[in-house]
Amino acid sequence: MTEQTYSPGLEGVIAGESALSRIDVEINRLILRGYDLVELTESTRYEEVAYLLLYGDLPTVAELDAFNGELRAQRDLPGPVVDLLRAAPSDAHPMDLVRTAVSALAFFDAETRDNSHDANVRKAMRLMARIPTAIAHGHRFAQGLEPVAPDAGLDQAANLLYMLRGEEPPGYEVEAMNVSLILYAEHGYNASAFTGRVVASTLADLYGAVTAAVAALHGPLHGGANEAAMEMLLEVG
């Protein structure tokens, strides 16, 4: 009889396989679909990396133009989702607002219950387009301000900063945001990504999986740790 062992945190347990990323232990680098992540931050935009993860390779110029056009056309939120964010308490945590917005967006997507691969790719693109808008709208409502409509002339990084402030951001901030988005684009098997995988494995819809993943990310032992670190840095000056 095989001896059963307990592995806290699933240490040493192979939970699945992924074609998206791997760690090259010899050079201590994360590899996304065959590309060095650090090199991607130096030579690509976030949209190119998103295309790489969704479709398997970096886009041609024509493919990137079509991809950008589709993303930018999907940025607006349905009116009831905007109203929901407006009605939230001003002290609601931003992660709670994102979690609620993602869940509510499922009501307004005709493909919510379609779990085919192509439908899930389209839904992933819609979420990529709309989550930044939800973040910015929630932030501005909390400040007692009206939301700023997305700018179809700006890429994902610049548009997020623009919607937060209502003015076009300086180039160095856009570059910093672009690198940040690329670095966070693929998370393998950390707690929030693993949560999303577990929910998706039940054949729940993509909105449910992402809602659960956002809830896991909020925890102080995961993404919430970044918030605590920032509070400490602000405190010490």
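This note goes through local features of a predicted model, point by point.

1. The sheet. Three strands make up an open sheet in the order β1-β2-β3, and their pairing is antiparallel. Its edges are β1 (21–24) and β3 (35–36), each of which pairs on one side only. Strands of a sheet pair through backbone hydrogen bonds, either parallel or antiparallel. Between β1 and β2 (residues 29–32) the antiparallel pairing runs over 4 bridges. For orientation when viewing this pair, R22 stands opposite I31 in β2.

2. Helix α1 and T41. T41 lies in helix α1, which spans residues 37–43. Is T41 buried or exposed? T41 counts as buried because its relative accessibility is 16%, and the cut-off for buried is under 20%. Leaving aside residues up to four places away in sequence, the contacts of T41 are V179, I182 and L183.

3. Burial of helix α2. Most of α2 is covered, with 8 of its 10 residues buried. The buried residues are Y46, E47, E48, V49, A50, Y51, L52 and L53. Two glutamates, E47 and E48, are in that list, as are the tyrosines Y46 and Y51. After α2 comes G56, which has a positive phi near 105 degrees.

4. Aromatic pairs. How many aromatic pairs does a search of the whole structure find? The search gives 5. One pair is Y51 with Y55: the rings are 4.5 Å apart centre to centre, with 35 degrees between the planes, and the arrangement is tilted. Y51 and Y55 are separated by about one helical turn, because they are 4 residues apart in helix α2 (residues 46–55). The two tyrosines differ in cover: Y51 is buried, at a relative accessible area of 12%, whereas Y55 is partly exposed, at 44%. F107 and F108 form an edge-to-face pair, with 6.4 Å centre to centre and 80 degrees between the planes. F107 is exposed because its relative accessible area is 67%, and the cut-off for exposed is over 50%. F108, with a relative accessible area of 40%, is partly exposed.

5. The aromatic cluster. Which residues join in one aromatic cluster? They are Y51, Y55 and F67. The tilted pair of Y51 and Y55 is therefore to be viewed together with F67, with which Y51 and Y55 form one cluster; of the two tyrosines, Y51 is the buried member, at 12% relative accessible area.

6. Helix α7 and L161. L161 is found in helix α7, residues 156–165. With a relative accessibility of 8%, L161 counts as buried. What does L161 touch, not counting residues up to four places away in sequence? The contacts are E167, P169, E173, V174 and M177. L161 and V82 are 79 residues apart along the chain, and 18 Å separates their C-alpha atoms.

7. Helix α9 and T195. Helix α9 (residues 191–201) holds T195. T195 is partly exposed, so its side chain is neither in the buried nor in the exposed class: its relative accessibility is 23%, and partly exposed lies between under 20% and over 50%. Apart from residues up to four places away in sequence, T195 touches three alanines, A212, A213 and A216. From T195 to A19 the distance is 18 Å, C-alpha to C-alpha, with their positions 176 residues apart in sequence.

8. Helix α10 and T211. T211 sits in helix α10, residues 206–218. T211 counts as buried because its relative accessibility is 15%. The residues that T211 touches, not counting those up to four places away in sequence, are R99, V102 and S103.

9. Helix α11 and the nonpolar patch. Which residues make a nonpolar surface patch of about 550 Å²? M230, M232, L233, L234 and V236 do. One of these, L233, is found in helix α11, residues 224–236. L233 counts as partly exposed because its relative accessibility is 48%. Residues with over 30% relative accessible area can belong to a patch, and L233, at 48%, is therefore above that cut-off.

Conventions
Residues are numbered from 1 along each chain as its sequence is written. This is a predicted model: local features need pLDDT of at least 70, side-chain atom pairs count only at pLDDT 80 or more; totals for chains, interfaces and linings use all residues. Side-chain values use heavy atoms; hydrogens and water are left out. Patches are made of residues with over 30% relative accessible area and no salt bridge: like charges are joined within 9 Å, nonpolar side chains (Val, Leu, Ile, Met, Phe, Trp, Tyr) within 5 Å. Accessible areas come from the Shrake-Rupley method with a 1.4 Å probe; for residues, only the protein chains shown count as cover. A salt bridge is a side-chain nitrogen of Lys or Arg within 4 Å of a carboxyl oxygen of Asp or Glu. Buried means under 20% relative accessible area, exposed over 50%, partly exposed in between (1.4 Å probe, protein chains only). Contact means heavy atoms within 4.5 Å. Two strands pair if DSSP finds at least two bridges between them. Rings of Phe, Tyr and Trp (its six-membered ring) pair if their centres lie within 6.5 Å; planes under 30 degrees apart count as stacked, over 60 as edge-to-face and the rest as tilted.
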